[in-house]
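This report sets out selected features of a single protein chain. Please refer to the sequence and the structure shown below while reading.

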Amino acid sequence: MSTSTDNGVTTSTASSGSPGSTTGADGTALSADRPLALAAASGIDRAAHHRMDEAWLAAAWSHPTTRVFVVSGGQALVDDTPDGRTELVMTPSFEAPLTETHRYFLGRDDDGVSYFALQKDTLPGRMDQSARPAGLREAGLLLSPRDAGLMVHAVALENWQRLHRFCSRCGERTVIAAAGHIRRCQACGAEHYPRTDPAVIMLVTDEQDRALLGRQVHWPEGRFSTLAGFVEPGESIEQSVAREVFEEAGVVVGDVEYVASQPWPFPSSLMLGFMARATSSEINVDGEEIEEARWFSREDLTAAFASGEVLPPYGISIAARLIELWYGKPLPKPNRAV
Ligand SMILES: [Zn+2]
């Protein structure tokens, strides 16, 4: 069985910090003027040492400056401000719904404001006409790094909590602890921590400095992107990059250079982004996950964008940023989101 995400991560198993100063090989800053979505410095101190302190948490919750938002099914309410920004809809805790909710402590900002998320089955009613539900794929492009960071933290916790209600050791029910960051088994005492699945995503270039882009079988026509895949047990990330590229495109990879990472809670991945250098050029796609892969020079890609043969990548994924890093200038805006 094969599973995949729209970040291009595929796996054929049966079951299945801030990059702000990252500099590309050509000396250009990867994200000097545009932080990588979901991965920018959020200005929030997670203050993990407070998570087990119920008295401290109770005081923080009831403090008048504390801000709370609801997360439900990967969505939160966002609202547009008069000056054109988009913000998470947050309320003081005394206005927040509390019945039968999971409460996650997300951290504090430099002003000492504490932030909590409440996980509920549904989002609260819209507070005004412009407030609307949004998932991370939309919100990640619109929100400030602070709000995007808060939301990605809350969504990742929600995904984990939803899927880990039972103890993987003894099968009994688990209960929430540590302000949302632990689930504890009341039968055997095991503590379960949020899991993160590492995945590698890489732009492969050859000795002519062409980039290898591939198409997944289920993608819309014209969409090409970087190759990607999950790290397997007992495997280094460098080995994973080489294995995935060979499995999907038949290309052999030599040197691998880490670029940046991006939380990808769909539902629980961490994308580790790389530039990789190919030592072979013949392409032999697997036909199952990747139906086509091609080497593009910068001129090829510019022409393919112009003709519409290849759709410019769009969205929050680090894939677009890796391609841009190689391309050497901003990618054209797509006519439609894909
Ligand atoms: Zn147990």
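## Basis of the description

The structure is a predicted model, in which local features need pLDDT of at least 70 and side-chain atom pairs count only at pLDDT 80 or more, while totals for chains, interfaces and linings use all residues. Residues are numbered from 1 along each chain as its sequence is written.

## Core and domains

The largest nonpolar core holds 82 residues, and those touching the most other members are Ala76, Met151, Met202, Val204 and Val245. Helix α3 (residues 145–163) gives the most to this core, namely 9 residues. Because domain 1 (3–34 + 196–327) and domain 2 (48–163) both give residues to the core, it lies between them. A nonpolar core here is a set of buried Ala, Val, Leu, Ile, Met, Phe, Trp, Tyr and Cys residues joined through C-beta atoms within 7 Å, and the domain bounds come from an automatic or database domain assignment.

Met151 is in contact with Ala76, Leu88, Leu136, Ala139 and Leu143, leaving aside its neighbours within four places in sequence. Contact requires that the C-beta atoms of two residues, placed from the backbone, lie within 7 Å.

## Burial and Ala276

Of the 338 residues of the chain, 39% count as buried. A residue is buried if 20 or more other C-beta atoms lie within 10 Å of its own, exposed if 12 or fewer, and partly exposed in between, with C-beta atoms placed from the backbone.

Ala276 has its place in strand β17 (residues 269–278), and this residue counts as buried because it has 24 C-beta neighbours inside 10 Å. Apart from its neighbours within four places in sequence, Ala276 is in contact with Met202, Val204, Val241, Val245, Val253 and Val256. Gly254 is 22 residues from Ala276 in sequence, and the two are 7.1 Å apart in space, C-alpha to C-alpha.

## The sheet of β5, β4 and β9

The secondary structure of the chain comprises 6 helices and 18 strands. Helices (H or I, at least four residues) and strands (E, at least two) are DSSP runs, numbered from the N terminus; two strands pair if DSSP finds at least two bridges between them.

One open sheet of 3 strands has the order β5-β4-β9, with antiparallel pairing. β5 (86–88) and β9 (132–135) stand at the edges, each with a single partner strand, so one side of each is left without a neighbour in the sheet. The twist averages 50° from one strand to the next, where axes are lines fitted to C-alpha atoms, for helices over the stretch in contact, and angles run from 0 to 180 degrees between N-to-C directions.

Strand β4 (residues 75–80) pairs with β9 over 4 bridges, and Leu77 stands opposite Pro133 in β9. β4 is joined to β5 by 3 bridges, with Leu88 in β5 as the bridge partner of Val78. The hairpin of β4 and β5 has 5 residues between the strands, and within this hairpin Gly84 takes a positive phi near 90°.

## The sheet of β10, β11 and β12

Another open sheet is formed by 3 strands in the order β10-β11-β12, again with antiparallel pairing. Here β10 (174–177) and β12 (191–192) are the edge strands, each with a single partner strand, so one side of each is left without a neighbour in the sheet. β10 and strand β11 (residues 182–185) are joined by 4 bridges; the bridge partner of Thr174 is Cys185 in β11.
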